[in-house]
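This report examines a single protein model, first as a whole and then around one chosen residue. The account begins with the surface.

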Amino acid sequence: AAPTGIEDQISLPQGVGLYPNPSNGKTWLKFSLENPSRTSVKIYSLLGVELTPVVEAFLQTGEQEVLLDEAGIHPGVYLVKLTTVAGTVAKTWVIQ
């Protein structure tokens, strides 16, 4: 079917990954945007408590890299949520 509106032309970020994971220092969240988008990256505990927003910005089309600094975050398992106008992608992040 032919696109009928903007929502048909927007896709979730592609190639979303955390490197290295598990981490013991700093981790990069890498992803690609097919369209410019208001973007947020947030870290949550497994209990759903937001630890810190990492990014709240309008990002342009293309490859993106966001540094996740684990300073002040205890070892454990966390969720990193990447949200754009197209939706949300969550990745598990392990800090050793």
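How much area does the protein expose, and what share of it do carbon and sulfur atoms supply? In this predicted model, the exposed area is about 5700 Å², of which 54% comes from carbon and sulfur atoms.

**Overall architecture**

The protein contains one helix and seven strands. Read from the N terminus, the order of these elements is α-β-β-β-β-β-β-β. Further global values are collected below.

| Quantity | Value |
|---|---|
| Share of the 96 residues in the protein that are buried | 33% |
| Share of contacts between residues at least 6 apart in sequence that join residues at least 24 apart | 54% |

**The surroundings of Trp93**

Trp93 lies in strand S7, which spans residues 87–95. Is this residue buried or exposed? Trp93 is classed as buried because its relative accessibility is 0%, and the cut-off for that class is under 20%.

Which residues does Trp93 contact, once its neighbours within four places in sequence are left aside? The partners are Leu18, Asn21, Ser23, Thr27, Ile43, Leu68, Glu70, Ile73, Gly76, Val77, Tyr78 and Val80. Two of these partners can be described further. With Thr27, Trp93 forms a side-chain to side-chain polar contact of 3.1 Å. Val80 is separated from Trp93 by 13 residues in sequence, and the C-alpha atoms of the pair are 6.6 Å apart in space.

Taken together, Trp93 is a buried residue of strand S7 whose side chain has a polar contact with that of Thr27.

Note on methods:
Residues are numbered from 1 along each chain as its sequence is written. This is a predicted model: local features need pLDDT of at least 70, side-chain atom pairs count only at pLDDT 80 or more; totals for chains, interfaces and linings use all residues. Side-chain values use heavy atoms; hydrogens and water are left out. Helices (H or I, at least four residues) and strands (E, at least two) are DSSP runs, numbered from the N terminus. Buried means under 20% relative accessible area, exposed over 50%, partly exposed in between (1.4 Å probe, protein chains only). Contact means heavy atoms within 4.5 Å. A polar contact is a pair of N or O atoms within 3.5 Å; within protein, one must be able to donate a hydrogen and the other to accept it, and residues adjacent in sequence count only if both atoms are side-chain atoms. Accessible areas come from the Shrake-Rupley method with a 1.4 Å probe; for residues, only the protein chains shown count as cover.
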